[in-house]
Amino acid sequence: MLDCVFTLRKTTEERRFKEEECRKRRRPETLGEQETRTQANQEARNGVVATQRVFLYPQSPKVSSIVSKRYRTAYHFQPLKNWINDPNGPMYYNGIYHQFYQYNPNGSIWGNIVWGHSVSTDLINWIRLEPAIERTTPSDMNGCWTVSATILTGDQPMIIYTGADTEKRQVQNIVLPKNLSDPYLREWTKPKNNPLIQPVGPGLNSGQFRDPTTGWIGPDGLWRIAVGAELNGYSAALLYKSKDFMQWTRVDHPLHSSNASTMWECPDFFAVLPGKNNGLDLSAAIPNGAKHVLKMSLDYCDKYMIGVYDLKRDTFVPDTILDDRRLWSRIDYGNYYASKSFFDSKKGRRIIWGWTNETDSTSDDVAKGWAGIHAIPRTIWLDSDGKQLLQWPVEEVELLRTNGVSHQGIKLKKGDLFEINGTDTLQADVEIDFELAAIDAADPFDPSWLLDTEKHCREADASVNGGLGPFGLVLLASDNMEEHTTVHFRVYKSEQKYMVLLCSDLTRSSLRPELYTPAHGGFFEHDLEKEKKISLRTLIDRSAVESFGAGGRVCITGRVYPVALVDGGTHMYAFNNGSSTVKVSQLKAWSMRKAQVNVKMG
Ligand code: DQQ
């Protein structure tokens, strides 16, 4: 077995580069395995073949440089060059979608942050504008960080953002558009009264006080925002009130706090209606039966709680409080952080989008000259059970689909592999429905897996046969399968219900050394007795793989850098490696055209 190498998984703040324990466990291939692999490779060209022949371990790599334009995504948002992280202040204003983003104009690692600014009419194609905000005043001299936009009554956009002041304290500032008649709102003004909010008060850590939410109006007609903070050593979303959006007073209790963690970055607070995928504007009248969601970024992922906003006490009360934060629900079970949502008044939906970082090394990013993408914007709403958020790529992305192929009624017996031909395997949108006949074949569920789903996905990988599953997709596979990424389900039976695991296993995605290649995974409850099928949608965009299990119950985003993507071609398959046969009742796949994400202002 090769020694484990460590890799650097980059996240947010200065000094926040974190060494992750390497989970790639590879062993050199034996001669017998090499032979089997060659044979399997020939068979794999004509439809269904045996998976056990191809889930093999790769050889020691000898690979070309990672500096290739071919790893840049074709329809995810990323600037022409350099580093980006959090999406900032997304909004729809006067017929235009705006997104700002944390951007380093000088290089491809975090630092010198300004707000990049791009505008769009469809959330997929973007015009790039000059940076909207840079560090120019005493209250943002050491940082102009994450922001939320609020459109005040009378159509006035305002953005509250975190600045790091001359003493490196985190303060909250405001900016306003200079000229409301400019359709692109290119210039923003910092009023003289910044900072609006100082990090004062007992127990508040002035270096952990940032990322204000979009504002909302309470029953008393006052505006509110929440700010992520560390209070007395624990995480809190501190609540502030204002009459005019300029003068803010801290409410004597947080919107919500928890002693299960120490700081929440990028809190997001919004209302949802169970079973309805139309979004709600938090400042409009909230219908009866609505629930509230508090999203927070921590532990390198975005988690959320569903509950009610108690108007009298002005607090968010989660339906369930889980002391162990490993059990908190996640917006995405992969590489996805610092997401922000907004109410899209054009289409009456709530949209969320997040940042997906590279998983190569920092020196690779420096060599590439770029790092970071934004996930495809997703419509987000609450399932009818009131417990689980559902997400789906915005419908606009479907305009990029071309060259569709479709198959029905493919039976996949244990060990079968079906090649999906006819589409671009590097830029694709795949929708597949798996029909399950023998749900009793599901293996028993062990609740301890919930504490570390990545470990479970790694141990029970696609080569490990189960009662019902693994079945799913093999993506970005090299000719000889030395490189491949699997996105697959396993079904388990737990007392009264079925628990389904979606894994996005990147452990064999690339022969390159020093990559972070986890096996991401998330569980969800599924009423299989009623539905008898599970759907999977995966967007493949070169180095990005974004998957949506069971209509968006579990979403997983991953980054991969297969050598075959640069040096050869890749393949895509549907597979089953569970004892029970599964039927692909419907499979649709499209090539995806390139989006224009950096159109220069004419
Ligand atoms: N990124 C920003 C911060 C935020 C962090 C700095 C989250 O405002 O807390 O670039 O990724």
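A residue counts as buried when its relative accessible area is under 20%. In this predicted model, 7 of the 9 residues of strand β38 (residues 533-541) are buried, so that strand is largely enclosed by the rest of the structure. The chain as a whole has 5 helices and 43 strands, and buried residues make up 63% of its 602 residues.

**The chain overall**

- Among the contacts that join residues at least 6 apart in sequence, 66% are between residues at least 24 apart.
- The chain exposes about 22,400 Å², and carbon and sulfur atoms supply 48% of that area.

**Strand β38 and its partners**

- Strands of a sheet pair through backbone hydrogen bonds, in either a parallel or an antiparallel arrangement.
- Strand β32 (residues 427-436) pairs with β38 in the antiparallel sense over 9 bridges, and within this pairing A428 stands opposite I540 of β38.
- Strand β39 (residues 544-549) also pairs with β38 in the antiparallel sense, here over 6 bridges, and I540 stands opposite V545 of β39.
- The hairpin formed by β38 and β39 has 2 residues between the strands, and R542 takes a positive phi near 60 degrees in this hairpin.

**Residue V545**

- V545, which has its place in strand β39, has a relative accessible area of 0% and is therefore buried, the cut-off being under 20%.
- Although V545 and A428 are 117 residues apart along the chain, their C-alpha atoms are separated by 9.6 Å; I540 stands opposite A428 in one pairing and opposite V545 in the other.
- When its neighbours within four places in sequence are left aside, V545 is in contact with L475, L476, V487, T538, L539, I556, T557, G558 and V560.

**An open sheet of 6 strands**

- The strands of this open sheet follow the order β25-β4-β5-β6-β7-β43, and their pairing is mixed.
- Its edge strands are β25 (370-371) and β43 (599-600), each of which pairs on one side only.
- At the β43 edge, strand β7 (residues 127-133) runs parallel to β43 and is joined to it by 2 bridges, with I127 standing opposite V599 of β43.

**The second largest pocket**

- This pocket has a volume of about 450 Å³ and is lined by 25 residues, of which T150, I151, T214, D281 and F343 lie nearest its centre.
- Strands β4 (82-93), β8 (144-152), β18 (265-272) and β23 (337-344) each supply at least two residues of the lining; β4 is also one of the strands of the open sheet described above.
- By residue class, the lining of the pocket divides into 13 nonpolar, 8 polar and 4 charged residues.

**Cavities**

- Rolling a probe the size of a water molecule over the atoms shows where empty space is left.
- The count comes to 4 cavities of 30 Å³ or more, and the second largest of the cavities has a volume of about 70 Å³.
- Of the 13 residues that line the second largest cavity, H76, F77, L123, W126 and P377 are the closest to its centre.
- The lining of the second largest cavity consists of 10 nonpolar and 3 polar residues, with no charged residue among them, whereas the lining of the second largest pocket includes 4 charged residues.

Technical notes. Residues numbered from 1 in each chain as written. Predicted model: local features only at pLDDT ≥ 70, side-chain atom pairs only at ≥ 80, totals over all residues. Heavy atoms only, no water. Pairing = 2+ DSSP bridges. Helix = DSSP H or I, 4+ residues; strand = E, 2+ residues; numbered from the N terminus. 1 Å grid on protein atoms, 1.4 Å probe; cavity = no way out; pocket = protein on both sides within 12 Å on 5 of 7 lines; lining within 4 Å. Points joined across faces, edges and corners; volume = space filled by probe spheres on them. Nonpolar A, V, L, I, M, F, W, Y, C, P; charged D, E, K, R; others polar. Buried < 20%, exposed > 50% of the residue type's maximum accessible area, 1.4 Å probe, protein only. Contact = heavy atoms within 4.5 Å. Areas by Shrake-Rupley, 256 points an atom, 1.4 Å probe, with all protein chains shown as cover.
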